[in-house]
Amino acid sequence: MANSSYISDLDYDEFQNIIEIGKGKNSVIRRADWTKHNNRIALKNLNSKEEFIQEIKQLCKVNYHPNINHLLGTTKDTFGNDIMVLEYANEGSLRDYLKNQFSTLNWSQKIEMALDVTRGLMCLHSENIIHRSLHAENVLVNDVFEVLSQLKFENIGEAIVENVDDVEDESTDQEIIQKLKLNHGLFLNDYTVQPSEQAIYDDNGELDVDLYDEPLVYTDINLSFDDNFDNNFETSFQPYDACINFPFAKVSFNGDLLGTFLNYENTDGKLNDYYGHFFSKKVLVGGQLFIKDLNTATTTQIHLLKMHLNWAYNLVKREDQNQLYNINVQLEPTIETLDGKEITTTEELVNWMKNLYQENMIDVISYINPIPILKLKDDPQLVDNIQGFDEKIIKVANYKDRLNFGEWVKDSIYVNLPEWIDSFNLFQGLIINKNSEVEIAHKAFIDLIKKYPYLESKDNFHLKFKKPTNELEISSNKLEISSVKKIKSHIFNSVFDDVNGEKLKNYENNICFIINYEQYEIFLPRDNITLSKGFRQDIGNAIKDMRPREALQDVFNKYGYLFPQKIVLGKSFNYISTRFSPKFDRVSSKISTIESLKSYLKHLEMPDLTQKEKIEIEIPYLLTKEEKIEIDELPDFIQENKDDLEIIEYDNIINLYDMLQYEQQKQIDIIFDEGYKVIMVGRNDLKDLNDDNTENYKYISINLSLKDQDYEVFGSIVSDDILEKSGEFSVKFKFYDFKGFTAIIKNLEDLKNRHLKITKCYILWVIVGKPSKLSVFSPKNRICQIDCINESILLQPDKSYYEIKTPFQLSQGCVISINTYHPPINNEPADLIKFVKWSHNSIIFHSNPILRALNVNENNYIDYEVDVLVENFSIELHICIFTDFKKLKIDNEENEFSLNLIGNILTKENFIIDKYNDANEFNINESNINENNINYDNLNNIVNQIIDFLINEKYFTFDESKRIQ
């Protein structure tokens, strides 16, 4: 007996840690902790008050059964919404559970779970309740293998009410009878069957409803091949190659004949005009599709059409959400609906199925065992005593074969493709984890396909004898390391770091013998697919992230690094032995039949390269993932497990990176470049400093923590309007840490000569380093190209100019910024070292003579310590060169500044022509480093020589080809 008792009006405040775990069309399910009972429960909220009450009633009828999700009570949330409190299944849905745990379950556990589902359904049926949405997502599992059905409750008698368009929830049998005119006769009008004008039965009848689960297919419609063909229909019924009936339910009508019908004398011969030609007590309601040109279509077109129909039906009727949901391709051959509209795309087909099974737009599609009106009038009991089966199908006069839908589609090799795409996650990329194992990524990176994969049916055995080159080939023969090496990108080298070294030593003498039974090959070229919107957005967001390397790694870990364009399905067996020679060569061969395979294994010989002879090999058994198979048992095992497919080979593997748009690839290349980059740029005010101090310290804190302290900061002090660099202050950056750095700011002028206050100024700073070390890499200045040079200069007493050679060529427009490091000096001058000139391969710096730099008068006595310092005074220069970049964008505010504010621009005016002495070294002296850099005496000399030449050379002719541009 059903136990309908439950706890109502539970206190909503007793539920804590509420998290949404599921959302359907009309409901939301949340997980929560019930603190009062120290238990986890599920909260279900329905959009409709009526649906809520109806589901409560149905749950109460079956709340006693152990295999049905128990109703614990009801509550109201803070907004007054009614909520059901249900048992929580901590293992999730059956689909997810089997996906994760199938290999760990033994057969007794699998059978017990199937029985649990069956027991739950039997309980429902005993209470006259149907499920109507039974699939693996709506079956829940808890930790003791008890299967709990998450039901979509409906009374069988009320199911047809819900599926009649425009019928209220309170609809009665009478309203359904009137809507479908089930109490009327049938009038044959041309090639349609229509209800008669007058009713035959009273509409106060009763209905019996039996649900139909599988569509029916009728082939070769309305052709004159039948001797009993009704010629009245021959010219009026349109021929089709097939008709598919999608019946929702069989409805039986029981009622009383009207007196007006029974008493009609038919003296005027108009009985059929008023009451029709036939009457049918039983009808099928649902939808119909008609197929044209099927017999002239190609085999591939027929197979694909059957796949589309089967996929769309399962997608909508069984709510079988799979990775093909977003496809939209053209359909061939032509499909028509009952009202003559063509369905041309998969999207239109899915929408038609939704209208039928979800929006409840149904029609009467056939009449079962119709009897002539005249016979019914003569014998009213005849309608209940009809023997056999006859059917009047809408728009169908005759047909050749009547098939179950599943039987009709099973000969299509494509019919299982949607299931394979879903089961084997073919739209998801591959990951090679740190244990060198191939894993399928968690999310699909393919949104839709422009063309379907090429599918080839195979039935052969592929034998491989090879020496494993790493753990990957030992643990899984699905992906050879040679393939991985060919496709791996420099960007993701870290993914493959573990596939080498010490791990290989344990396997270097092993030989792996593999038999792959190949059944199907699926090939999906990259040009036939479109990347998912989610994948493209996640890549775009990762590129813009302040930690782009980590963000991109997270994205590729989620979607995969690799995509196999070709996948082989079948069964794989292997045997590993250490008995063979380390010089054993790799061998591969194909065998077509199981008998040939048995014979081959019994007389197996393999070459040994060390002895240049063949050796006999004994293979006592083969291993699958689950069990050991004796060689003699192999044929039976293959036959019994032919439908138990697995992926046995990945091939034609490409990087997901290679599938991105060029612009995204370019940005990723910049992010993973190992050179120096502008990491961050900032501007900070100096309001908290003291104007009276000659030296101030300012700690600059950055928002994101760096992962390393190996970076350098370049910058300057600027006036508050950011228009020019201040010459009254110098700044050095020291004490780098993960969170920031310190700026040491010195006043270069006496207090009485200062024009600017430090508190009215700003500090501009640029962090330069390698993103691979620091993790942080701002997107604002990534395209800025920089080079860094570190050189030392040993100051000499009699030398003012110093040259730094560059390993690359400089060009006009570059900006150089300099940091100097040297032993501490009292009253250090501002112009200790400064940029003055440049050439194509060098930078010229000026420094005061060493004694002046040390503030020592040459006429004064120089003690020993100063003398040592003079001889060994070295300045280390860290030079950052910005190439072809005008401005930098500031990260901590929406602003930008010109690069000349933190460095010196290489211009035509400060360029010096290279001059070399006999030693091929740059000749730096006062004459070629002065302001004008021109020797006028030499220039006049050259001009005079040119004039003399032009005057005295009588036979001079101008060669146009040597014109100097």
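These are my notebook entries on a predicted model of one protein chain.

**Entry 1: the whole chain**

I began with the overall counts. The chain holds 25 helices and 51 strands. Of its 965 residues, 47% are buried. I then looked up the accessible surface, which comes to about 50300 Å², with 45% of that belonging to carbon and sulfur atoms. For contacts with a separation of 6 or more, I noted that 75% are between residues 24 or more positions apart.

**Entry 2: a sheet of three strands**

Next I picked out an open sheet of 3 strands, and I wrote down its order as β38-β41-β40, with antiparallel pairing. Its edge strands are β38 (695–701) and β40 (729–734), each of which pairs on one side only. From one strand to the next, the twist averages 25°. I looked at the β38 pairing in detail: 7 bridges join β38 to β41 (residues 740–747), and the two run antiparallel. Which residue stands opposite Tyr 699 in β41? I found Thr 742 there.

**Entry 3: a nonpolar patch**

On the surface I found Trp 107, Ile 111 and Leu 115 making a nonpolar patch of about 350 Å². Ile 111 sits in helix α3 (residues 107–126). Its relative accessible area is 48%, so I put Ile 111 down as partly exposed.

**Entry 4: salt bridges**

My count here is 26 salt bridges. I looked at three pairs, happily taking them one by one.

Asp 33 and Arg 40 meet through their side chains at 3.0 Å, N to O. Arg 40 is partly exposed, at 36% relative accessibility.

Asp 651 pairs with Lys 566, and their closest N and O atoms are 3.6 Å apart. Asp 651 belongs to strand β36 (residues 646–655) and Lys 566 to strand β30 (residues 562–577), so this salt bridge ties together parts 85 residues apart in sequence. Are these two partners buried or partly exposed? Asp 651 is partly exposed at 24% relative accessible area, whereas Lys 566, at 19%, counts as buried.

Glu 893 forms a salt bridge with Arg 683, with 3.3 Å between the closest N and O atoms. This pair links distant parts of the chain, 210 residues apart: Glu 893 is in the loop between β49 (887–889) and β50 (896–898), and Arg 683 is in strand β37 (residues 677–685). I noted Glu 893 as partly exposed at 23% relative accessibility and Arg 683 as buried at 15%.

One last note for the page: Lys 458, Glu 521, Lys 566 and Asp 651 are joined into one network by salt bridges that share partners.

Conventions. Residues numbered from 1 in each chain as written. Predicted model: local features only at pLDDT ≥ 70, side-chain atom pairs only at ≥ 80, totals over all residues. Heavy atoms only, no water. Pairing = 2+ DSSP bridges. Helix = DSSP H or I, 4+ residues; strand = E, 2+ residues; numbered from the N terminus. Axes fitted to C-alpha atoms, helices over the stretch in contact; angles between N-to-C directions. Patch = residues over 30% accessible without salt bridge, like charges linked within 9 Å, V, L, I, M, F, W, Y side chains within 5 Å. Areas by Shrake-Rupley, 256 points an atom, 1.4 Å probe, with all protein chains shown as cover. Salt bridge = Lys/Arg side-chain N within 4 Å of Asp/Glu carboxyl O. Buried < 20%, exposed > 50% of the residue type's maximum accessible area, 1.4 Å probe, protein only. Contact = heavy atoms within 4.5 Å.
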